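I opened this model to look up its aromatic pairs, its nonpolar cores and one strand residue. My entries follow in the order I made them.

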Amino acid sequence: MSTKNLYDDKAREKIKDIAEDVDFCMLVTNMDQKPLNAVPMSTKQVDDHGAVWFLSKNDSEHNRNIEKDSDVQLLYSGTSEMEFLSVYGEAFIETNRDVIHKLYSKADNAWFDGKDDPNITAIKINPKEAYYWDNKDNKMVTLFKLGMAAVSGNNQDIGEKGKLKL
């Protein structure tokens, strides 16, 4: 696996590509306590600045944790496409109804009582540091290449990894 660090616009594009492709991630809060608090979250949007947006309930444990300590970690694991992303950043809770309405979709009715539910908040994560692993190929091709490397002893190009510097 080759290392390719990405900067600025390219770094934001990589975050957007993987986060929107994988969709669900684990949002880790309360990072100075053990055990960590980790909850699955569906990515609503990655904006032009690289900020990652989610919808959340105002009374959730992770919202309470963010209010105490805004440092968070997002862990994306797209095993079918063999793409992975780790984003360390600062979280902000947004209550602006226009923002919430923009992010809301019908699928969110599973968690909320419509887009006007007074308990909905948006969470915005501004990345501070990120790292990616992108195998470029699907799982089967990657496994084949790993097998070829084991049999032949030759290196195989199974993708890229690197820091994303915004």
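**Aromatic pairs**

I searched the predicted model for paired aromatic rings and counted two pairs. I took Tyr104 and Phe112 to begin with. Their ring centres lie 6.3 Å apart. Their planes meet at 55 degrees, so I logged the pair as tilted. An angle between 30 and 60 degrees gets that label.

Are these two residues buried or exposed? I checked each in turn. Tyr104 has a relative accessibility of 13%, so I wrote it down as buried. Phe112 is buried as well, at 5%. The cut-off for buried is under 20%.

Next I turned to Tyr131 and Trp133. The centres of their rings are 4.9 Å apart. Here, too, I read 55 degrees between the planes, so this pair is tilted. I then looked up the accessibility of both partners. Tyr131 comes out at 24%, which makes it partly exposed. Trp133 is also partly exposed, with a relative accessible area of 33%.

**Nonpolar cores**

I went on to the largest nonpolar core and found 25 residues in it. Which members touch the most others? I noted Phe54, Leu74, Tyr76, Leu85 and Ile125.

Then I asked which elements give two or more residues to this core. My list has helix 1 (8-22) and six strands by name: strand 3, strand 4 (37-42), strand 6 (52-57), strand 7 (71-78), strand 8 (83-94) and strand 9 (120-134). Helix 1 supplies the largest share, five residues.

I picked Leu74 for a closer look. Beyond its neighbours within four places in sequence, Leu74 contacts Cys25, Met26, Leu27, Val52, Phe54, Leu85, Ser86, Val87 and Ile125. Apart from this core I found another, of nine residues. Its members include Ala51, Ala122 and the ring partners Tyr104 and Phe112.

**Leu27**

Leu27 appeared among the contacts of Leu74, and I followed it up. Where does Leu27 sit? I placed it in strand 3, residues 24-29. Its relative accessible area is 0%, so I marked Leu27 as buried.

I then listed the contacts of Leu27, leaving out neighbours within four places in sequence. They are Asn37, Ala38, Val39, Met41, His62, Val72, Gln73, Leu74, Ile123 and Ile125. As a last check I took the C-alpha distance from Leu27 to Pro40. These two are 13 residues apart in sequence and 6.2 Å apart in space.

Technical notes:
Residues numbered from 1 in each chain as written. Predicted model: local features only at pLDDT ≥ 70, side-chain atom pairs only at ≥ 80, totals over all residues. Heavy atoms only, no water. Helix = DSSP H or I, 4+ residues; strand = E, 2+ residues; numbered from the N terminus. Buried < 20%, exposed > 50% of the residue type's maximum accessible area, 1.4 Å probe, protein only. Contact = heavy atoms within 4.5 Å. Phe/Tyr/Trp six-rings, centres within 6.5 Å; stacked < 30°, edge-to-face > 60°. Core = buried A, V, L, I, M, F, W, Y, C linked by side-chain atoms within 4.5 Å.
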